[in-house]
Amino acid sequence: MKSLTHMAANILKTANVQTKIKLSKEYSDMWFDDRKNYNRISIGNAACPDIPSKPNKPELLPPRSMPKRKIGTESGKIALIHSVAHIEFNAIDLHWDIIARFGHMKFPISFYDDWVSAARDETKHFELLSRLLIDRESYYGALPAHDSMWDAAKITNNDILGRLAVVPMVLEARGLDVTPNMIKLFERSGEKKAVEYLNIIYSEEVSHVSYGSKWFNFLCGRNNLDPKLTFHKLVRKYFHTTLKPPFNEEKRADSGLPPDFYWPLTENEP
Ligand SMILES: [Fe+2]
Ligand SMILES: [Fe+2]
């Protein structure tokens, strides 16, 4: 039987979109079935690739070379859904990457449950958005996409506290800030399916941010570090730009992110 880190590394080494989705669902089901019934899957210590294998499509462009599209138009909506699908596709890898890269650090078992569960959610989110693209006669890979999410991830390859600070607690928390407006856009044009799917994504993303805060605080406690000061230090070190309000203070609070974690990062270091 494969270890959990072996399964995670396998997913990261898979470039094909459909195969990655299939493996992600299969392995997360196996993990939770095993946790409920047997507890036979070990964590292991598989080698983690530096970055995940990428599919041929979408073409990856620097963010500033991405074509501009008008938000309310049909092509603008397709581009918006495509860009969120791309974020979700990367998020599948990012959550398995936490397990493959840092899983050997001996965490309580719920650490692994949380990240497998987040990876399973992202797989579902990607499939929901893919369905919306197909309904609009498009598909994931039809448009270019940008790769800046992995830039933020790569520089924290050797620093789990940095990774938790930047990925779930900054990037995914940003998702909580911007999703309500996206939902409103589709509400205005009466697109019930898009609204329903985006609401599912919105509600499940709260838990991913909360897993980030929970394990960040846990690790600070384990290493005798002040969580707030450590968060400020790491975000300034790895994130390189200030955080942009307005913030979704309510959902951020739901996910265990207090205002004094993120507000001071809206300004450059004094
Ligand atoms: Fe997601
Ligand atoms: Fe997420």
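Helix 7 (residues 192-222) passes helix 8 (227-239) in a right-handed crossing, the near helix being turned clockwise from the far one by less than a right angle, whereas an anticlockwise turn would make the crossing left-handed. In this predicted model, local features need pLDDT of at least 70 and side-chain atom pairs count only at pLDDT 80 or more, while totals for chains, interfaces and linings use all residues. Residues are numbered from 1 along each chain as its sequence is written, chains are lettered from A and ligands numbered from 1 in the order in which they are written, and side-chain values use heavy atoms, with hydrogens and water left out.

Helix 7 and helix 8 pack at an angle of about 110°, and their axes are 10 Å apart; axes are lines fitted to C-alpha atoms, for helices over the stretch in contact, and angles run from 0 to 180 degrees between N-to-C directions. Helix 7 is therefore roughly perpendicular to helix 8 (65 to 115 degrees; under 35 is roughly parallel, over 145 roughly antiparallel, and the rest oblique). Helices (H or I, at least four residues) and strands (E, at least two) are DSSP runs numbered from the N terminus. From helix 7, Phe216, Asn217 and Cys220 meet Pro227, Thr230, Phe231 and Leu234 of helix 8, contact meaning heavy atoms within 4.5 Å. The residues of this contact divide into 5 nonpolar, 2 polar and no charged (Ala, Val, Leu, Ile, Met, Phe, Trp, Tyr, Cys and Pro count as nonpolar, Asp, Glu, Lys and Arg as charged, and the others, Gly among them, as polar).

Helix 3 (residues 74-102) and helix 6 (residues 160-188) pack at about 155°, with axes 12 Å apart, and are therefore roughly antiparallel to each other. Helix 3 passes helix 6 in a left-handed crossing. The residues in contact divide into 12 nonpolar, 1 polar and 5 charged. Helix 3 contributes residues including Lys77, Ile81, Asp97 and Phe102, and helix 6 residues including Arg163, Glu172 and Phe186.

The iron ion (ligand 1) has as its protein donors Glu88 (OE), Glu88 (OE), Glu122 (OE), His125 (ND1) and Glu205 (OE), lying 1.8 to 2.8 Å from the ion. Donors are N, O and S atoms within 2.8 Å of the metal (3.2 Å for Na, K and Ca), and sites may look incomplete because water is not among the atoms. Along the chain, the donors of ligand 1 follow the spacing E-x33-E-x2-H-x79-E. A distance of 3.7 Å separates the iron ion (ligand 1) from the iron ion (ligand 2), and Glu122 coordinates both. Distant parts of the chain are linked by the pair Glu122, in helix 4 (residues 109-135), and Glu205, in helix 7, 83 residues apart. Glu122 counts as buried at 0% relative accessibility, as does Glu205 at 10%; buried means under 20% relative accessible area, exposed over 50% and partly exposed in between (1.4 Å probe, protein chains only).

Helix 1 (residues 4-12) is mostly covered, with 7 of its 9 residues buried. These buried residues pack against helix 2 (17-37), helix 3 and helix 4.

Several loop residues are also buried. Thr156, in the loop between helix 5 (148-154) and helix 6, has 0% relative accessibility and therefore counts as buried. Residues up to four places away in sequence aside, Thr156 touches Phe102, Gly162, Arg163, Val166 and Tyr238. Arg136, in the loop between helix 4 and strand 2 (145-146), is buried with a relative accessible area of 16%. Arg136 lies 58 residues from Ile78 in sequence and 7.3 Å from Ile78 in space, C-alpha to C-alpha. Leu243, in the loop between helix 8 and helix 9 (249-254), is buried at 8% relative accessibility. Leaving aside neighbours within four places in sequence, Leu243 contacts Val170, Tyr262, Leu265 and Thr266.

Most residues other than glycine have a negative phi, and most peptide bonds are trans. The peptide bond from Lys57 to Pro58 is cis, with omega near 0°, and a cis peptide bond with omega of about 5° joins Pro245 and Pro246. Glu137 is not a glycine, yet has a positive phi of about 60°; at 78% relative accessibility, Glu137 counts as exposed. His240 likewise has a positive phi, near 65°, and is exposed at 63% relative accessibility.
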